[in-house]
Amino acid sequence: MAPPSEEDGKIRDRFNELCLDLNLDKTTIDVAWEAYQRISLNYTLEGDDLHWLACALYVSCRKSVVPTVGGREMMEGNCVSLTRLLRSSKLSVIQFFNKMKKWSDMANLPQKFRDKVDRLERNFNVSCVIFKKYKPIFIEIFKDPAKDQPRAPRGRKQRRLNCTVTEVFSFCWTLFVQVKGNFPAISDDLVNSYHLLLCCVDLIFANALLANRRDLLNPTFKGLPETYNNCDYHVPAQSPCIIEMLCSLHDGLVIEAKGIKEHWWKPYIKKLFDKRTLKGTPEKLSGLIDSNNFETNR
């Protein structure tokens, strides 16, 4: 075997830095590097070599199994998320999927693995489409995050401040993505995922209304209580539902959206409350954005 060239040495150094940043185990590193070396001998790898190595690492990570806490079960993957891998290797999601398809062919990966990558790409495409719809819906109900005033950093001894509309915008989307990811049956379906988003917006609106967070809500939103702007207004006792109005305003299907809310969304949110992943008032599914709970929930 020919001695490694200076260029090979530089690639290996960059690869080692990436693996160190990801805190990967030796087996995962060796399997990925061997796959890269084997494929680079038979194919011309265009572009940044580290991006191809990221593909090799993704495959290697997904092949490994680690014991869960307690050691009674085994979990697929080694807890390195795709987001973290792409961030560390400076590879965009679109570039990753393009390269991953070519890598799958060159590495002759099994169909089951390719199907998982294809499903991941469909989920990503669905999320991209829905995110474009998300902001117009959000700013119709809440104040525009783009107009949010910057806030000075809080000292350790200062009391917790109420969340800003920018933070609520981020929290609502993150919650949607987390819940969507737990429903493989609908996560790559655009219509069902869109209705899931409406359920999430409905929940966060109810939380803002029950907390009387006027600083968050758009006073012109049609779904506010009729007496909202009156001096004798009182916070409602029960969480309001604006699913029907959201469907009317943003081309949703009322029956399907309500079905998603009752049979998918609410049971899962209740489960998050039961597991204390979310803090608040379980009976009303409220309190999510209260100052005492928000930092834990976000």
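## Helix α10, kink and all

Let's start with helix α10, which takes in residues 254-274 of this predicted model. The helix has 21 residues and reaches 28 Å from its first C-alpha to its last. That is close to the 30 Å expected at 1.5 Å a residue. Even so, α10 carries a kink of about 40°, and the kink is centred on K261. K261 also turns up among the buried residues of the helix, along with A257, I260, W265, Y268, I269, L272 and F273.

What do those buried residues pack against? Their partners are three helices: α7 (165-181), α8 (190-210) and α9 (243-249). Once α10 is over, you come to R276, a residue with a positive phi near 65°.

## How α7 meets α10

One of those partners, α7, is worth a second look. The axes of α7 and α10 are 11 Å apart, and the two helices pack at an angle of about 105°. An angle from 65 to 115 degrees counts as roughly perpendicular, so α7 is roughly perpendicular to α10.

If you want to find the spot in the structure, look for L175, Q178 and V179 on the α7 side. On the α10 side they meet W265, Y268, I269 and L272. Those four α10 residues are also listed as buried.

## Two more helix pairs

Now move to α3 (residues 49-63) and α5 (residues 93-106), whose axes come within 10 Å and cross at roughly 70°. That makes α3 roughly perpendicular to α5. The crossing here is right-handed. Plenty of side-by-side names to look up: from α3 come H51, W52, C55, A56, Y58 and V59, and they meet Q95, F96, K99, M100, K102, W103 and M106 from α5.

The pair α1 and α2 is set up at another angle, about 150°, with axes 12 Å apart. Are these two helices roughly parallel or roughly antiparallel to each other? Angles over 145 degrees count as roughly antiparallel, and α1 and α2 are therefore roughly antiparallel. Their crossing is right-handed. In α1, the residues to look for are I11, R12, F15 and C19, which meet I29, A32, W33 and Y36 in α2.

## Loop residues with positive phi

Between α1 (6-22) and α2 (26-42) there is a loop, and N23 sits in it. N23 is not a glycine, yet its phi is positive, near 60°. N23 is exposed, with a relative accessible area of 66%.

L285 is another non-glycine residue with a positive phi, this one near 55°. You will find L285 in the loop between α10 and α11 (294-297). Is L285 buried or exposed? At 9% relative accessibility, L285 counts as buried.

## F142, tucked into a loop

Follow the chain out of α6 (111-141) towards α7 and you run into F142, which lies in the loop between them. F142 has a relative accessible area of 0%, so it is buried.

Which residues does F142 touch, leaving aside those up to four places away in sequence? The list is V165, I204, F205, A208, L216, L217 and N218. Take F205 as one example from that list: F142 and F205 are 63 residues apart along the chain, while their C-alpha atoms are separated by 8.0 Å.

## R122 in α6

Helix α6 is home to R122. R122 has 38% relative accessibility, so it counts as partly exposed. For a sense of distance, try the pair R122 and L24: they are 98 residues apart along the chain, and their C-alpha atoms are separated by 28 Å.

## Stepping back

So much for the close-ups; here is the whole protein. There are eleven helices and two strands. Reading from the N terminus, the order of elements is α-α-α-β-β-α-α-α-α-α-α-α-α. In that order, the two strands come right after three helices.

The C-alpha trace spans about 85 × 50 × 40 Å along its principal axes. The protein has 298 residues, and 41% of them count as buried. Take the contacts between residues at least 6 apart in sequence: 63% of these join residues at least 24 apart.

Note on methods:
Residues numbered from 1 in each chain as written. Predicted model: local features only at pLDDT ≥ 70, side-chain atom pairs only at ≥ 80, totals over all residues. Heavy atoms only, no water. Expected span 1.5 Å × (residues − 1). Bend = angle between axes of the 7 residues up to and from the residue. Buried < 20%, exposed > 50% of the residue type's maximum accessible area, 1.4 Å probe, protein only. Contact = heavy atoms within 4.5 Å. Axes fitted to C-alpha atoms, helices over the stretch in contact; angles between N-to-C directions. Parallel < 35°, antiparallel > 145°, perpendicular 65-115°, else oblique. Left-handed = near helix turned anticlockwise from the far one by under 90°.
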